[in-house]
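Hi everyone, thanks for making time this morning. I'd like to walk you through some strand pairing, so please have a look at the structure as we go.

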Amino acid sequence: MATIKEIIDLARQNNPKTDTEIIELAFEFAKKAHKNQKRKTGEPYINHPLATAKTLAEMKTDTNVIVAGLLHDVPEDTDYTLEDVEKNFGKEVAELVKGITKLSIIKYRGVERYIESLRKLFLAMANDIRVILIKFADRLNNLQTLYALPDRKQKRIAQETMEIYVPIAGLLGIWHLKWQLEDLCFKYLQPKEFKKMKQKYLVEEKMERDQYIDKVKKILENKLNDDGLKNFQITGRFKHLYGIYQKMQTKYRNFDEIHDVFALRVVVETIPECYKVVGSIHSLWKPLTKRFKDYIAVPKVNGYRSIHTTVFALSGRITEFQIRTKKMDLESKYGIAAHWYYKQKDGENTVYHQPEWVKNILEIQKHADTSNEFINRVKVDVFQHRIFVFTPKGDVIDLPRKSTPIDFAYHIHTDIGNKATGALINEKIAPLNAILKSGDLVKIITEKNRKGPSRDWLKFVKTHTAKSKIKQNLPPSMIGKVLNKIRKK
Ligand code: MN
């Protein structure tokens, strides 16, 4: 159970100049507002806002967000209004709480509402991205206490989280949260598989695994000390359960064949130290050359940075290392939330600089305002047959179901379609006729010298746009060329 003291301590750690008094006041206010209310678990209601605020403090969000986290259920569930919140805690906090209250109407009601829900989340995000973080923290605690709800509700909430919140947590790069949400949902959505995984892999052999990680850690610690490194931190971990399960499904492998089950993370101060650590690791153990990835030199599209290397460590056991700086570590755990933590720490205002893709979502919102009937106009039955995919910049593109990268490419621009030679779906190479799913991040690989589309594409494209553009741009066939020559003569 989270306490107000823990929250204040965390906030102070994040920023020594934090106004802790206002956090305390918000706690008292929420406690009073929710008094006599109980959660389904039987505990006092205040435990829920406390847990929400603690998650936010752990994510290193600013004071107003923590305060809003404490107050997030006040206008909806108590006699106090949003005006009361504003009077006591100011406009900014009230705006955040208002954002959360608006979002509470988002429910997963099957595919027909899915897109609508996603859209609302995007809009809220565009207004103030911090609202989403509060919503995430709220959802995390609701999942942690889901056992107290009836079966049917458990399934629905888990489903909704998996379909709506998890992809967005990924999009925002908040991995730490995404993994927690996934494991919690996994338990309710696939209870049998969850139990099996948990028993087989986390309980039975846990002792032995912990010992192994400890040994590797010790050896590396000594080596790094010998090599003159200071202020490093090594942590060992297992991949989260759902992650292992997913890998087993997609790669048709069993647990022992999943290599990054064993992973150690080395966090240092500077980038040159990252490379120094790689050298130390490779001089201890032989690397698997194919699995060396330098995401510091070439960051992933979502901004992820780290060096990954996999080695034959003790007894030849395959073990992964992730090496990164403190800043990168924070970014990979808390995604965009980390960015404004750094702003805060540098003593600047907490003005949050939106990344490119958030700006793009803002654009979408503008369009929605000028033609506010977007949701009304495109009827529910249209949405059932459509998917939402993302461009590398975070633009949301909607396409008919079973669309392929070629449909996507022509949707973006005729030239991109004409010059397409390959596609990356969620950063993995995929064929041009792959079937896209909602939430996929799609990048088209083009080649300048490509003459034009291929006639074969007509066999699999779904959209009319793609079909007609392919036909218009097909390079002339041999017979066509000969006919043209004859005509010219
Ligand atoms: Mn809540």
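I'll talk about two groups of paired strands, one after the other.

Before that, please keep in mind that this is a predicted model.

Let's begin with strand β5, which covers residues 307–312. Is β5 mostly covered or mostly exposed? It is mostly covered, with five of its six residues buried.

Now, which strands pair with β5? Strand β3, residues 286–287, pairs with β5 in the antiparallel sense over two bridges. If you want to find that spot on your screen, look for Lys286, which sits opposite Phe312 of β5. Strand β4, residues 293–294, also pairs with β5 in the antiparallel sense, again over two bridges. Here the residue to look for is Lys293, opposite His308 in β5.

Then there is strand β6, residues 318–325, which runs antiparallel to β5 and is joined to it by six bridges. Within that pairing, Ile307 has Ile323 of β6 as its bridge partner. The β5 and β6 hairpin has five residues between the strands, and Ser315 there takes a positive phi near 50°.

On to the second group, built around strand β9, residues 420–425. Five bridges connect β9 to strand β11, residues 442–446, and the two run antiparallel. Leu424 faces Lys443 in β11 across that pairing. Strand β10, residues 428–430, is antiparallel to β9 too, with three bridges joining them. In this case Ala423 has Ala430 of β10 as its bridge partner.

And what about the β9 and β10 hairpin? There are two residues between the strands, and Asn426 takes a positive phi near 50°.

That's my tour, thanks for listening!

Technical notes: Residues numbered from 1 in each chain as written. Predicted model: local features only at pLDDT ≥ 70, side-chain atom pairs only at ≥ 80, totals over all residues. Heavy atoms only, no water. Buried < 20%, exposed > 50% of the residue type's maximum accessible area, 1.4 Å probe, protein only. Helix = DSSP H or I, 4+ residues; strand = E, 2+ residues; numbered from the N terminus. Pairing = 2+ DSSP bridges.
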